[in-house]
Amino acid sequence: MKKIFYILFLLFALTGCRNKDAKIIYKYDNKLNCYYVAAYEGKVKEAIIPETYEGNKGVLEVKYIGENAFIGCDSLETVSLPNTITKISMMSFYNCVNLSSINLPEGLQKIETKAFYYCEKLNNITIPSTLVYVGVKAFGVTGITEIHLPITLTEIKAYAFEGCNVRITCDGYRANDNWDPNWSLNQSYEGNIEVIFASEE
């Protein structure tokens, strides 16, 4: 029995997935001297990203989710990210229609363009105090109904929440000067976006 548990543990440690027919692929970033999540294979249902990964460059931190890493992964339901993750790149989780749970760790700084676009079952997100940038349509057409934006968030691009029926509360008394004038508007999809600043509560 112990041997079976050890094999299962080893399988999970190597793949980052609980289902044996799935695999998460990591690649080396020469500039940052780290690994990042690059792609997936098979039916990934639960992705648990480790703080470090051992590859051909040895054991290094996993620092970001790469562009298109999980794009169109309709089997993906939950994602667990470590505190080493600083960026969720463009379209990382685009059209992950069954993604319903992901933690955004303290240490995360950037969520890029359309990172969670069309994640219609994603309805609960907590923004960490370390986040400073949200890209164009980053949370567009998600199921998010309430979200809080900390005062440390310095830049939001256009249509960040388009197509959502969401109540957004903000720590600041007004939009930061670097927030795009269209950040809380819709473009391609209709939605009901309510924004409340600290002075209005």
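Ring pairs tie eight side chains into a cluster: Tyr40, Phe70, Phe93, Phe116, Phe139, Phe161, Trp179 and Trp183. Start there when you look at this predicted model. The whole structure holds 15 aromatic pairs. One of them joins two members of the cluster, Trp179 and Trp183. Their ring centres lie 5.0 Å apart, and their planes meet at 70°. Planes over 60 degrees apart count as edge-to-face, so this pair is edge-to-face. Both Trp179 and Trp183 are buried.

How far can you trust the picture? The mean pLDDT of the protein chain is 91. Of its residues, 89% reach 70 or more. The start of the chain is another matter. Over residues 1–15 the pLDDT is below 50. Beyond near neighbours in sequence, that stretch has 8 contacts in the model. Read residues 1–15 with their pLDDT in mind.

Now turn to the strands. One open sheet has 3 strands, in the order S3-S6-S8. The pairing in this sheet is parallel. Which strands stand at the edges? They are S3, residues 46–48, and S8, residues 101–102. Each has a single partner strand, so one side of each is left without a neighbour in the sheet. Strand S6 covers residues 78–80. S6 and S8 pair in the parallel sense over 2 bridges. To see the pairing at the level of residues, find Val79. Its bridge partner in S8 is Ile102.

A second open sheet also has 3 strands, this time in the order S11-S13-S14. Here, too, the pairing is parallel. From one strand to the next, the twist averages 20°. The edges belong to S11 (146–149) and S14 (192–197). Each of these has a single partner strand, so one side of S11 and one side of S14 lack a neighbour in the sheet. Strand S13 spans residues 165–170. S11 and S13 run parallel and are joined by 4 bridges. Look for Leu149, which stands opposite Cys170 in S13.

Next come the loops, and a point about backbone angles. Most residues other than glycine have a negative phi. Asn68 goes the other way. Its phi is positive, about 60°, although Asn68 is not a glycine. Where does Asn68 sit? Its place is in the loop between strand S5 (58–65) and S6. Is Asn68 buried or exposed? It falls in between: at 35% relative accessibility, Asn68 counts as partly exposed.

Tyr118 is another residue with a positive phi. The value is near 70°, and Tyr118 is not a glycine either. Tyr118 lies in the loop between strand S9 (110–111) and strand S10 (133–134).

Tyr118 also has a ring partner, Tyr117. The two ring centres are 4.7 Å apart. The planes stand at 70°, so the pair is edge-to-face. Tyr117 has a relative accessible area of 3%. Buried means under 20%, so Tyr117 is buried.

Charges meet rings as well. The charged end of Lys114 sits over the ring of Tyr117, 5.0 Å from its centre. Tyr117 therefore has a ring partner in Tyr118 and a charge over its ring from Lys114. Another lysine, Lys110, lies over the face of Tyr133. Lys110 is 5.0 Å from that ring centre.

Note on methods:
Residues numbered from 1 in each chain as written. Predicted model: local features only at pLDDT ≥ 70, side-chain atom pairs only at ≥ 80, totals over all residues. Heavy atoms only, no water. pLDDT = per-residue confidence, 0-100. Contact = heavy atoms within 4.5 Å. Pairing = 2+ DSSP bridges. Buried < 20%, exposed > 50% of the residue type's maximum accessible area, 1.4 Å probe, protein only. Phe/Tyr/Trp six-rings, centres within 6.5 Å; stacked < 30°, edge-to-face > 60°. Lys NZ or Arg CZ within 6 Å of the ring centre and 35° of its normal. Axes fitted to C-alpha atoms, helices over the stretch in contact; angles between N-to-C directions.
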